[in-house]
Amino acid sequence: MNAGDRVRVERAGVTNEGVLMPSSTPEHLVVKLDGGYNVGIAREDADVDVVESNVYDVEAAQSESEESEIAFDDDLPTVSLISTGGTIASTVDYRTGAVTAQFDAEDVLRAVPDLAGRANYRGRVVTNILSENMTPAVWKELAEAVAEEIRAGADGVVVMHGTDTMQFSASALSYMLDTPVPIVFTGSQRSADRPSSDNVMNAVCAVEAAMADAAEVLVCMHGSTSDDVCALHRGTRVRKNHTSRRDAFETVGAEPLGEVDYDAETVEFHREYAERDAVDLDVSTELNESVDLLKFTPGLDVDRYAATLREADLDGLIVEGTGLGHVHTDLIPVLKGLVDDGVVVAMTSQCLEGRVCDRVYDTGRDLIDAGVVETGDTLPGTAKVKLMWALEHCEDPADAMGRPLAGELQQRSVPWT
């Protein structure tokens, strides 16, 4: 048997059938299943039957995957591609059958050849991490890298990022940067070895958005389950609302800021946005990391959390309360004590829609009397990032939490669908 043969492998009572791929170790077989996934199987005690020979030309596929060319055209805009990790620029490694992440501009064009001819590209790696390992330190490094690309003449920036914490990074850059050009985050819910992968469409639409007019921090991801449009979400209003769907990201409390038609290659905006070149580039990356997010739930051990909060030596605390912004009555004195000690305590809601209003019920009024700040309809994760930034850059951080700084707080919460 040879790589490219269709094989049926039986081992330990399990049968797998697919295309045999090259393997990096002699002890394992790599089989690409019909669904697109790769599976590794130990050769020991495995029975292998060749169903059909030479059904896939691995050598030709490997050669094609290595072809890339960056041609600069003075008539095209320049888009900087910045990678932090994730699967958006992943491709299949035909030596092993595995999916590997690729990072520089040539690698991205090799993984997503549809990008060629749309713009001039520059590639840059900030880090190579899973998005759950993202930190404020990387946010700072990323913001500086984006600013350097803009100073160097980039007409737009695309940030390739893992999807799990993309909304936090997009929020962070929304506060850190005043930008004259679009900064577009994109990622992939499904890796390049799957027929349903969204990496090509998301990357193409993100580049189109980076060449458009909205000079904001945006998140560009599938806008439906079909391969038709990508939605453009404001970086401070977006939330990942599904673990695996391609259209996992939603703008909370409003329609998306805009959308990119994949086939027509057009960008359309539905609401007001910051226009290209309306502001000069400004970078303010300092963050106060002594900020925490507390999600209140019934049964929370008030005494234990009170001790934990005191020991944490916080400068800021975001509370994710119930409904209009409530917590158990016994927790209110604890929050008041924090406020009296100079900690900024701000209230958000666990509800996906609507805003905090602590003037309706007694508990809310008691929270206001305790000095807890209302944040309107600011999303809890965004509120945490905002407070980290506001503590370093705002004369009155508590007051700033009740005002929109980067489109995170809508003036009214009304049904839009």
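**Close-up views of a predicted model**

**View 1. Asp277 is exposed, with a relative accessible area of 58%.** This is a predicted model, and the first close-up is on a loop. Asp277 sits between β18 and β19 (282-283). The backbone is a bit unusual to look at here: Asp277 isn't a glycine, yet its phi is positive, at about 65°. With over 50% counting as exposed, the 58% of Asp277 is why it gets that label.

**View 2. Glu265 is another non-glycine residue with a positive phi.** For Glu265 the angle comes to about 55°. Look for Glu265 in the loop that runs between β17 (258-261) and β18 (266-269). Is Glu265 exposed, partly exposed or buried? Its relative accessibility is 41%, so Glu265 counts as partly exposed.

**View 3. Thr378 is a loop residue that is buried.** The loop in question links β23 (373-374) to α9 (380-393). Just 3% relative accessible area is left to Thr378; buried means under 20%, so Thr378 qualifies. What does the side chain of Thr378 find for a polar partner? One of its polar atoms lies 2.8 Å from the backbone oxygen of Thr375. Setting aside neighbours within four places in sequence, Thr378 is in contact with Arg237, Thr348, Ala383, Glu408 and Leu409.

**View 4. The largest cavity holds about 90 Å³ of space.** Its lining has 15 residues, and those closest to the centre are Cys351, Gly354, Asp377, Thr378 and Leu379. So what kind of residues make up this lining: nonpolar, polar or charged? There's a mix, with six nonpolar, six polar and three charged. In total, the model has two cavities of 30 Å³ or more.

**View 5. The second largest cavity has a volume of about 40 Å³.** Around this space you'll find Leu81, Val108, Leu115, Val158, Met160, Thr186, Ala203 and Val207. Two elements, β10 (156-160) and α5 (199-210), each give two or more residues to that lining. Seven of the lining residues are nonpolar, one is polar and none is charged.

**View 6. The largest nonpolar core has 47 residues.** Which of them touch the most other members? Those are Val146, Leu173, Ile183 and Phe185. Several elements supply two or more residues to this core: α3 (136-151), β10, α4 (166-176), β12 (183-186), β13 (217-222), β22 (344-349) and α9. The top contributor is α3, which gives eight residues. Zoom in on Val146 and, leaving out residues up to four places away in sequence, you'll see Val146 touching Ile82, Val157, Val159, Leu173, Leu177 and Ile183. There's also a second, separate core of 24 residues, with Val108, Leu109, Val112 and Met201 among them. Val108 also turns up in the lining of the second largest cavity. As a rule, nonpolar side chains in soluble globular proteins tend to be buried together.

**View 7. Zooming back out, the protein has 10 helices and 23 strands.** How much of the protein is buried? Of its 417 residues, 51% are. Take the contacts between residues at least 6 apart in sequence, and 70% of them join residues at least 24 apart.

Terms used
Residues numbered from 1 in each chain as written. Predicted model: local features only at pLDDT ≥ 70, side-chain atom pairs only at ≥ 80, totals over all residues. Heavy atoms only, no water. Helix = DSSP H or I, 4+ residues; strand = E, 2+ residues; numbered from the N terminus. Buried < 20%, exposed > 50% of the residue type's maximum accessible area, 1.4 Å probe, protein only. Polar contact = N/O pair within 3.5 Å; in protein donor to acceptor, adjacent residues only side chain to side chain. Contact = heavy atoms within 4.5 Å. 1 Å grid on protein atoms, 1.4 Å probe; cavity = no way out; pocket = protein on both sides within 12 Å on 5 of 7 lines; lining within 4 Å. Points joined across faces, edges and corners; volume = space filled by probe spheres on them. Nonpolar A, V, L, I, M, F, W, Y, C, P; charged D, E, K, R; others polar. Core = buried A, V, L, I, M, F, W, Y, C linked by side-chain atoms within 4.5 Å.
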